[in-house]
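The exercises below work through one protein chain, from its overall build down to single side chains. Please try each task with the coordinates open before reading its solution.

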Amino acid sequence: MFRAMLGPGVELRLLEERHAGVLFALVDRERLYLRQWLSWVDLRSSEADILDFIRGVLAQFSSNQGFSAGIWADGSLAGVITLHKIDWRDRSGEIGYWLAREFHGHGIMTDAARAVTEHALVELELNRVEIRCAVDNVKSAAIPKRLGFKCDGVLRQASLREGQYRDLEVYSMLRSEYRRH
Ligand SMILES: CC(C)(COP(=O)(O)OP(=O)(O)OC[C@H]1O[C@@H](n2cnc3c(N)ncnc32)[C@H](O)[C@@H]1OP(=O)(O)O)[C@@H](O)C(=O)NCCC(=O)NCCS
């Protein structure tokens, strides 16, 4: 089982089928909030949908195409972080994340994104890791900024959410720029 400690009581654990119930309960509780920012929320409307999602990401993990990890705080599932869209030819990948509101404001996601960035650039030896955020998603963009990612620019109308096209900022870190802190 993949596991990484982020700090006292906070850890990343690879999502497994047995987490479908608790993950569905969290997504369902946070559905109205997450829908503002994430386009997949309405596609996961039952525990069976979440189980399909977990099976999909486990298949990605076993074929070396990234992973999704649950973020656990004092034994409770707090959110999810994903490394996906891995392109081995260009040696690049993208990080995505979300956190239930009660866990906001403690730096948990910044720590999780730092750990996944290190894993991608150091363990997997990718050359480039991206984080994409809607231009109005200030809290999300604060994470790559805090970690020293650079803003590459804006992709115009690159995302369709709640019936509206949204501009996305692209942040990246290169292997040559990565410093352990
Ligand atoms: C994006 C998201 C995970 C950010 O959550 P967050 O709680 O702001 O992020 P962190 O866990 O890194 O915490 C950072 C906050 O904790 C504070 N903090 C406290 N201790 C900290 C520490 N040791 N390190 C860093 N930040 C710390 C920071 O000041 C910041 O608070 P502020 O925004 O009031 O300045 C959350 O807003 C979310 O889930 N949004 C919905 C889904 C989404 O938008 N996903 C991204 C799509 S691109």
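A residue is called buried when its relative accessible area is under 20%, exposed when it is over 50%, and partly exposed in between, with a 1.4 Å probe and protein chains only. The model is a predicted one, in which local features need pLDDT of at least 70 and side-chain atom pairs count only at pLDDT 80 or more, while totals for chains, interfaces and linings use all residues. Residues are numbered from 1 along each chain as its sequence is written, and side-chain values use heavy atoms, with hydrogens and water left out.

**Exercise 1. Describe the overall build of the chain.**

Step 1. Of the 181 residues in the chain, 46% are buried.

Step 2. Helices (DSSP runs of H or I, at least four residues) and strands (runs of E, at least two) are numbered from the N terminus; the chain has 5 helices and 8 strands, which follow one another as β-β-α-α-α-β-β-β-α-β-α-β-β.

Step 3. The radius of gyration, taken over C-alpha atoms, is compared with a globule rule of 2.2 Å times the number of residues to the power 0.38. Its value of 16 Å is close to the 16 Å that the rule gives for 181 residues, so the chain is as compact as a globular protein of that length.

**Exercise 2. Determine how the buried residues of α3 are arranged, and what they pack against.**

Step 1. The helix α3 has 16 residues and reaches 22 Å from its first C-alpha to its last, close to the expected 22 Å, where the expected span is 1.5 Å times one less than the number of residues.

Step 2. Buried positions in α3 are I50, F53, I54 and V57. Seen down the helix axis, they fall within an arc of 95 degrees (taken from the directions from the axis to the C-beta atoms), so they line one face of α3.

Step 3. With contact meaning heavy atoms within 4.5 Å, the buried residues of α3 pack against α1 (20-29) and β3 (67-73).

Step 4. Just after α3, N64 takes a positive phi of about 65 degrees.

**Exercise 3. Establish the surroundings of R44, and what its nearest side chain of opposite charge is.**

Step 1. R44 sits in the loop between α2 (31-35) and α3 (47-62).

Step 2. Once neighbours within four places in sequence are left aside, the contacts of R44 are F24, V27, R31, D49, I50 and F53.

Step 3. Here Lys and Arg count as positive and Asp and Glu as negative, while His and the chain ends are not counted; a salt bridge is a side-chain nitrogen of Lys or Arg within 4 Å of a carboxyl oxygen of Asp or Glu. R44 is buried but has no salt bridge, and D49, its nearest side chain of opposite charge, is 7.3 Å away.

**Exercise 4. Examine the salt bridges of the structure, including the burial of their partners.**

Step 1. The structure holds 15 salt bridges.

Step 2. In one of them, D42 meets R35 at 2.9 Å, N to O; D42 is partly exposed at 46% relative accessibility, and R35 is partly exposed at 25%.

Step 3. In another, R132 and E130 meet at 2.8 Å, N to O; R132 is partly exposed at 35%, whereas E130, at 13%, is buried.

Step 4. R132 and E130 also belong to a network of salt bridges that links them with K85, E94, R128 and D152.
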